[in-house]
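Fancy a bit of void hunting? Grab your viewer and work through the exercises below.

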Amino acid sequence: MLVWRHVMSQRIDSYRPAGSPAGWSRVGDEVRRVVRLADPQLPYKARELLTALAQLALFCDGEGLPANAEVWLTREAIERFIAVGCPQVGESTRGNYRTRLVRLREVVVGGECRTGQPAKLSASVANSPYSRTELADLWGWAGGQPTEELRWGCKTLMALGLGVGLDSPEVIPVRVHDVRRTSSAGPVVVATRGIRRREILCRRPWEGVLAAAADRVDTTGTARYLFRPNCGSRGTNTVTNFLARTQPSANVPRLVMGRLRSTWLVELFEERLPITVIVAAAGVDTLHGLSRLLPYLPAVSADEAACLLRGSQ
């Protein structure tokens with residue numbers, strides 16, 4: 001038994017996901033800790049647990065969530081990862097991931113009570129929206145990157161996040177011809193791919209950036225990707241690995257697609273778009289995820305609330 005546990009411990013300590021993703025340095029220790037904790041209690045091989053949890057952890061890292069297993073292993077985080085975080089694998093593999101992650105959740109966070117009522121779980125933390133000052137700093141940071149590839153890559157990510165609310169898994173497969181503009185000054189429409197397929201009108205301030213990003217990509221003879229058009233390998237860490245190559249600035253916040261999407265959503269709520277429009281544009285089926293943004297929405301005065309509740313004459 002001691003020998004077996006020693007071998008398992010060595011396998012866990014030496015594990016690294018394929019491709020050496022940049023986010024692994026932030027999440028690796030927590031992934032190993034959780035699998036080491038769970039392995040004696042679960043029938044799955046250590047590598048199967050490591051693979052499933054590593055993919056979930058890297059996805060959550062790309063969304064800007066903290067390196068904390070209690071955040072990764074909430075039901076919401078697991079289901080979001082299964083729905084949009086691993087588009088490159090088949091349905092059966094996603095099912096295996098879900099089974100392993102739910103079992104890990106039971107060990108780490110706790111399962112259901114004997115009464116049948118679910119145990120209370122800590123809710124995952126919503127990505128806080130950027131302030132106007134932070135957005136201005138980010139735009140200046142993007143334009144100050146040392147190479148044209150990095151400059152346009154950062155600007156494209158900002159346009160896709162702040163203009164149409166895409167997250168990392170949706171950014172990766174977008175191709176140039178998915179971005180359409182009917183005229184030189186007309187609206188820009190982005191067609192997404194994958195499970196949450198839909199068409200989204202770009203926010204007016206980001207139309208020009210998004211159109212310029214599409215125009216600069218040479219599409220002669222092939223359908224090129226919008227983000228990182230010269231990168232043929234499209235893994236789940238395409239965005240994270242790109243951002244790891246950017247030159248950081250101590251006075252500028254980290255660019256996180258989840259925070260860009262939250263900023264986009266908060267702006268839609270602030271402008272009082274109908275909730276049905278926001279849900280459709282965001283590509284979600286329920287309001288649960290959107291409700292986490294409530295702390296970031298501005299308060300309404302009592303007088304204005306009274307007028308709104310009473311209704312028009």
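Here are two exercises on a predicted model, each with a worked solution.

**Exercise 1: the closed space**

Find how many cavities of 30 Å³ or more the whole structure holds, then work out which elements and residue classes line the largest cavity.

*Solution*

Step 1. Start with the search: run over the whole structure, it turns up one cavity of 30 Å³ or more. The volume of the largest cavity comes to about 130 Å³.

Step 2. Now look at the wall. The lining has 13 residues, and F59, G85, S168, P169 and T236 are the closest to the centre.

Step 3. Map the lining onto elements. Two or more residues each come from α3 (46–62), α5 (75–85) and α9 (168–171). The top contributor is α3, with four residues.

Step 4. Sort by class: the lining of the largest cavity splits into six nonpolar and seven polar residues, with no charged ones.

**Exercise 2: an open space**

Describe the second largest pocket: what is its volume, which residues lie nearest its centre, and how do its lining residues divide by class?

*Solution*

Step 1. Volume first: the second largest pocket takes up about 510 Å³.

Step 2. Next, pick out the residues. There are 24 in the lining, and R132, R203, P205, W206 and E267 sit nearest the centre of the pocket.

Step 3. Then the helices: α7 (132–143), α8 (148–164) and α12 (257–270) chip in at least two lining residues each.

Step 4. Finish with the classes. For the second largest pocket, the count is 14 nonpolar, three polar and seven charged, whereas the lining of the largest cavity has no charged residues.

Definitions and conventions
Residues numbered from 1 in each chain as written. Predicted model: local features only at pLDDT ≥ 70, side-chain atom pairs only at ≥ 80, totals over all residues. Heavy atoms only, no water. 1 Å grid on protein atoms, 1.4 Å probe; cavity = no way out; pocket = protein on both sides within 12 Å on 5 of 7 lines; lining within 4 Å. Points joined across faces, edges and corners; volume = space filled by probe spheres on them. Nonpolar A, V, L, I, M, F, W, Y, C, P; charged D, E, K, R; others polar.
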